[in-house]
Amino acid sequence: MISHQRFALYRLQAAATAVLLLAAVILSGCGGREDSAAGSTVPGTPNVQASDVSGTGTTKEAAFKKISTVKGEIQIPVRPQRIVAEEYLGSLIALNVVPVGAPGLTLNNYYYKKALNGVADTGTYGKLSVERITGLEPDLIITGNAETYEQLSKIAPTLVIPYGTLKNAREELEYFGTLLGKETEAKSWLEDYDRRIAAAKSKVDAVLPADASFTIMESTDKSIWVYGDNFGRGGQPVYQALGRTPPAAISDELMKKQWAEISAEVLGRYAGDYIIMTANNKTAEDFRTDPVWSTLPAVKNGNLYVWPEERSWYYDPLAVLSQTEELAEWLVKTGK
């Protein structure tokens with residue numbers, strides 16, 4: 001299993017290439033709009049027309065549909081039964097879909113690892129084992145890594161959804177609900193999600209000023225990072241679910257690029273009234289006694305929340321819901 005540091009590097013690379021891939025889809029989609037009978041050209045949107053295709057050497061009928069992706073138009077099963085998923089496992093589980101295989105790193109996801117008991121380990125995140133996946137005989141592979149498409153697509157229909165393409169929990173659930181014919185399950189799950197998010201937000205709004213600023217940070221031995229609303233570490237629950245905002249001076253920068261590596265010298269510019277900090281080897285007390293960090297109002301006032309990467313890095317709907325309620329509970333205690 002790869003380290004979370006390597007996972008972060010893959011995330012940065014994926015985010016940097018997502019824009020180029022999406023641009024390619026838009027251009028290719030322009031050439032497909034005339035064929036209205038063939039279905040939608042919106043990336044990843046299932047075709048309204050499914051066809052019955054006989055399985056080779058068998059009498060079993062399998063329904064397929066065409067969807068448009070960053071790798072062009074592909075044909076996938078209408079009701080896939082054996083999914084290998086490198087990404088988006090939280091959404092699959094929320095829809096009561098358990099894959100047959102996933103990389104070791106995601107199998108240990110704090111928020112849904114119990115649901116993946118018995119799911120096969122397909123190898124290293126970002127570089128899955130072709131041999132292991134082939135042995136699982138999948139009928140659909142879902143990944144965020146376009147670089148492995150050629151290899152994986154030889155095994156089974158492979159859907160590439162670059163990191164950052166789906167902007168929030170609702171968009172992700174609705175997308176996979178449509179893709180997998182689980183619209184009813186998606187609607188039901190999102191209704192509960194909306195109710196719980198609204199309750200958490202209401203509690204926070206009751207005790208915190210509306211203009212209180214928030215910063216999503218990560219501190220390692222060598223670097224300090226700041227994040228936007230769609231890069232994990234707490235950005236989705238704080239900025240999207242709870243509707244909070246970063247300091248005005250850095251808001252446009254963060255929401256556009258989604259991440260920035262900064263030096264200790266500019267901490268004051270980036271630090272909001274509240275800081276949500278990812279740090280594996282430091283506690284809130286460590287930051288309070290640090291000569292640099294202790295100068296920040298958020299740290300001095302006890303408005304610093306520290307959690308490890310195993311809880312903060314994930315951004316799937318299950319994680320966002322749990323993170324939102326966790327952070328809301330802390331904020332309510334802090335605000336009283």
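**Cores and aromatic pairs**

The protein folds into 14 helices and 15 strands, going by what is a predicted model. Of its 336 residues, 53% are buried. Looking at contacts between residues at least 6 apart in sequence, 60% join residues at least 24 apart. The accessible surface adds up to about 15800 Å², with 51% of that belonging to carbon and sulfur atoms.

On the inside, the largest nonpolar core has 41 residues, and those with the most contacts inside it are Ile-83, Leu-92, Phe-176, Leu-179, Trp-189 and Tyr-193. Elements giving two or more residues to this core include strand 3 (72–77), helix 2 (89–94), helix 6 (169–179), helix 7 (183–207) and helix 14 (317–335). Leaving aside residues up to four places away in sequence, Leu-92 touches Ile-83, Ala-85, Val-97, Ile-142, Phe-176 and Leu-180. There is also a second, separate core of 27 residues, with Tyr-125, Tyr-239, Tyr-305 and Trp-307 among them.

Now for the rings: the whole structure turns up 13 aromatic pairs. In one of them, Tyr-88 and Phe-176 sit 5.3 Å apart, centre to centre, with 45° between the planes, a tilted pair. This pair bridges distant parts of the chain, as Tyr-88 is in the loop between strand 4 and helix 2 and Phe-176 is in helix 6, 88 residues apart. Phe-176 also pairs with Tyr-175; here the centres are 5.0 Å apart and the planes are at 85°, so the pair is edge-to-face. Tyr-175 is buried at a relative accessible area of 13%, while Phe-176 is buried at 0%.

Elsewhere, ring pairs tie Phe-214, Tyr-274, Tyr-305, Trp-307 and Trp-330 into a cluster. Two arginines lie over ring faces: Arg-233 over Trp-313, at 4.4 Å from the ring centre, and Arg-269 over Tyr-270, at 5.3 Å.

Technical notes: Residues are numbered from 1 along each chain as its sequence is written. This is a predicted model: local features need pLDDT of at least 70, side-chain atom pairs count only at pLDDT 80 or more; totals for chains, interfaces and linings use all residues. Side-chain values use heavy atoms; hydrogens and water are left out. Helices (H or I, at least four residues) and strands (E, at least two) are DSSP runs, numbered from the N terminus. Buried means under 20% relative accessible area, exposed over 50%, partly exposed in between (1.4 Å probe, protein chains only). Contact means heavy atoms within 4.5 Å. Accessible areas come from the Shrake-Rupley method with a 1.4 Å probe; for residues, only the protein chains shown count as cover. A nonpolar core is a set of buried Ala, Val, Leu, Ile, Met, Phe, Trp, Tyr and Cys residues joined through side-chain atoms within 4.5 Å. Rings of Phe, Tyr and Trp (its six-membered ring) pair if their centres lie within 6.5 Å; planes under 30 degrees apart count as stacked, over 60 as edge-to-face and the rest as tilted. A charge sits over a ring if NZ of Lys or CZ of Arg is within 6 Å of the ring centre and within 35 degrees of the ring normal.
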